[in-house]
Amino acid sequence: IWRMARMLYDIPTQSESWIEFKHPGDDLVGDNWLEYVDVTVAGMPLRWKIINGIFILGAKFMLWKLTAEVGITFLMETQTISDCIVNSVALSFVLHMDELILMTLTSGKITSCLEKCKEYSPAETTSVAWQSRIEKPIDNSFFANIQLGVPWELMASLLLCAFFIRQYYTTHCDWTWDGWWYYSKPLFVPTTTSYPLWRAFL
């Protein structure tokens, strides 16, 4: 999600072609025309940035948030360790459902074009930026070396896991000052069995 948001922010706000056909020089291309096609990330008009930000980036964020909340609840409600391992495998399968849908429902040509799409490189990988980074003196201080060795993705994963676990306790439990811990909230029979579609997104 962060990389997609960074890409939408960094790419030029103008219409540019993402597909380039490199003609081999003869007319006998035939069915191998896809081998001469290059797909790269290029500029995008402002209206398409807004559309992708709302319908793609926003949907990915909501899907990530709901999956994390439901997944943490699903694992926290599991009683035994063996069932927790099985449910973790089941949750990992759910997380890969989007890739399975893409591989199943899209045509082979679209999948090939997606595979040929080059990885997005931020703006700082230009020649001028690289020259400035080369000329910049290297910081060999103690804190700089420690910063290079810190696994930031692991730290972010642990913080997000702690956040969603904390959210689970505050949503499903009540805090007691007697035992300095959480206990389950009282359970009641639902007043209705009618759940509209919009309740799934709350």
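**A helical protein and its largest pocket**

Of the 202 residues that make up the protein, 15% count as buried. The model is a predicted one, and that is worth keeping in mind throughout. The secondary structure comes to eight helices and four strands. Read from the N terminus, the elements follow the order α-β-β-α-α-α-α-α-α-α-β-β. In other words, a helix comes at the start, two strands follow, then a run of helices, and two strands close the series.

The pocket is a good place to begin. About 1,700 Å³ of space lies in the largest pocket, and 43 residues line it. Those that lie nearest its centre are I1, M4, I56, K60 and D98. Several helices take part in the lining: α1 (2-10), α2 (46-76), α3 (81-95), α4 (97-105), α5 (108-116) and α8 (152-172) each give two or more residues. Helix α2 gives the largest share, with 10 residues. As for the kinds of residue found there, the lining has 31 that are nonpolar, five that are polar and seven that are charged.

Helix α2 turns up again on the surface. A nonpolar patch is formed there by L46, W48, I50, I51, I54, F55 and I56, and together these residues have about 710 Å² of accessible area. One member of the patch, I54, is found in helix α2. I54 counts as exposed because its relative accessibility is 53%, and the cut-off for that class is over 50%. Another member of the patch, I56, was already met among the residues nearest the centre of the largest pocket.

Next come the charged pairs. The count of salt bridges comes to two. In one of them, R6 pairs with D10, and the closest N and O atoms are 2.5 Å apart. Both R6 and D10 lie in helix α1, four residues apart, or about one turn of the helix. R6 has a relative accessibility of 29% and so counts as partly exposed. D10 falls into the partly exposed class as well, because its relative accessible area is 22%.

The other salt bridge joins K65 to E69, again with 2.5 Å between the closest N and O atoms. K65 and E69 sit in helix α2 and are separated by about one helical turn, because they are four residues apart. With a relative accessible area of 31%, K65 is partly exposed.

Helix α2 also holds G71. At 4% relative accessibility, G71 lies under the 20% cut-off and therefore counts as buried. What separates the C-alpha atoms of G71 and L91 in space? The distance is 6.7 Å, although the two residues are 20 apart along the chain.

Finally, the strands deserve a brief look. W175 is found in strand β3, which covers residues 173-176. This tryptophan has 31% relative accessibility, so W175 counts as partly exposed. Between W175 and K185, which are 10 residues apart along the chain, the C-alpha atoms are separated by 9.5 Å.

Taken together, helix α2 links several parts of this picture: the helix gives the largest share of the pocket lining, includes I54 of the nonpolar patch, carries the K65 and E69 pair and holds the buried G71.

Note on methods: Residues are numbered from 1 along each chain as its sequence is written. This is a predicted model: local features need pLDDT of at least 70, side-chain atom pairs count only at pLDDT 80 or more; totals for chains, interfaces and linings use all residues. Side-chain values use heavy atoms; hydrogens and water are left out. On a 1 Å grid over the protein atoms alone, a cavity is a set of points where a 1.4 Å probe fits but cannot get out, and a pocket is an open set with protein on both sides within 12 Å along at least five of seven lines; lining residues have an atom within 4 Å of a point. Grid points are joined across faces, edges and corners, and a volume is the space filled by probe spheres set on the points. Ala, Val, Leu, Ile, Met, Phe, Trp, Tyr, Cys and Pro count as nonpolar, Asp, Glu, Lys and Arg as charged, and the others, Gly among them, as polar. Patches are made of residues with over 30% relative accessible area and no salt bridge: like charges are joined within 9 Å, nonpolar side chains (Val, Leu, Ile, Met, Phe, Trp, Tyr) within 5 Å. Accessible areas come from the Shrake-Rupley method with a 1.4 Å probe; for residues, only the protein chains shown count as cover. A salt bridge is a side-chain nitrogen of Lys or Arg within 4 Å of a carboxyl oxygen of Asp or Glu. Buried means under 20% relative accessible area, exposed over 50%, partly exposed in between (1.4 Å probe, protein chains only).
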